[in-house]
Amino acid sequence: MPAPGVKLEAVAEEVVQPKVEDEREEAPLDPEVAARRAAAMSFIRRLGDPVLKSRAMPVDRFDDPLRSQVERMAGIMRDAFGMGLAAPQLGISQRLLVYTVGADAPLIVLANPEIEWSSREQETLDEGCLSIPGITLDVERPVHVRVRALDEEGRERLVEASGLEARVIQHEIDHLDGVLILERTSRESRKAALRELREAERNAEAA
């Protein structure tokens, strides 16, 4: 899930972004930053990849390889200007996600997360996905959630989240269940998004 206000354009797992204006939308990226972002996006699986439609397997080993995987995911997420990233988006069938909400916010790791409570109050916001570049859709989600999980050391972790943090968590857990935002919107919006994707593909082929 990308940071608010960052348009991932053609290089872009998620373009999930609330309607937030940011001067970064207009300013061109530093070439080195743009190169890092393009490299990060090259690792992300796109719409049509079977791993994105499959339910991921539980994490059963909390060891150095898992911690290395967490570091790699965090690096790719940050280079892609993301707020969240799920292991299946890198082609890894693990119930593992990382996220951070805010430039100075700590990295949160959730292994085998389960939503044990969500609020009746719902909110609809523009949401996108780096696995579906250039597309944003209205997605309705609970405003508050309580999630029980494990961290990268295998210790229990309880997260009570609201607003944007809750949305990021729910978006990434959807990836662990093989659910994309196309399945979280109306039929009309889904059809329009698919038409937009096909048109973008045709334009890219013609360029």
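Start with the open sheet of this predicted model, which you can select as five strands in the order β1-β2-β3-β6-β7, paired in antiparallel fashion. Colour β1 (84–86) and β7 (156–162) next, and you will find them at the edges, where each has a single partner strand, so one side of each is left without a neighbour in the sheet. As you turn the view from one strand to the next, the twist averages 40°.

Now select β2 (residues 96–99) together with β3 (residues 108–118), an antiparallel pair that is joined by four bridges. Within this pair, show leucine 96 and look across to alanine 111, its bridge partner in β3.

From here, add helix α2 (residues 64–79), which packs on the sheet and touches β1, β2 and β3, its direction making about 45° with that of β2. Then bring in helix α3 (residues 163–176), which lies across β1, β2, β3, β6 (144–150) and β7 and runs at about 125° to β7.

The next stop is another pair of strands: select β4 (residues 122–129) and β5 (residues 132–142), which run antiparallel and are joined by eight bridges. The link between β4 and β5 is a hairpin, made through two residues, and if you show glutamine 122 you will see it standing opposite proline 142 in β5.

Finish with side chains by selecting phenylalanine 43 and arginine 72, where the arginine lies over the face of the phenylalanine, at 5.2 Å from the ring centre. How many aromatic pairs are there to look for, if ring centres must lie within 6.5 Å? The count comes to zero by this rule.

How values were computed
Residues are numbered from 1 along each chain as its sequence is written. This is a predicted model: local features need pLDDT of at least 70, side-chain atom pairs count only at pLDDT 80 or more; totals for chains, interfaces and linings use all residues. Side-chain values use heavy atoms; hydrogens and water are left out. Two strands pair if DSSP finds at least two bridges between them. Rings of Phe, Tyr and Trp (its six-membered ring) pair if their centres lie within 6.5 Å; planes under 30 degrees apart count as stacked, over 60 as edge-to-face and the rest as tilted. A charge sits over a ring if NZ of Lys or CZ of Arg is within 6 Å of the ring centre and within 35 degrees of the ring normal. Axes are lines fitted to C-alpha atoms, for helices over the stretch in contact, and angles run from 0 to 180 degrees between N-to-C directions. Contact means heavy atoms within 4.5 Å.
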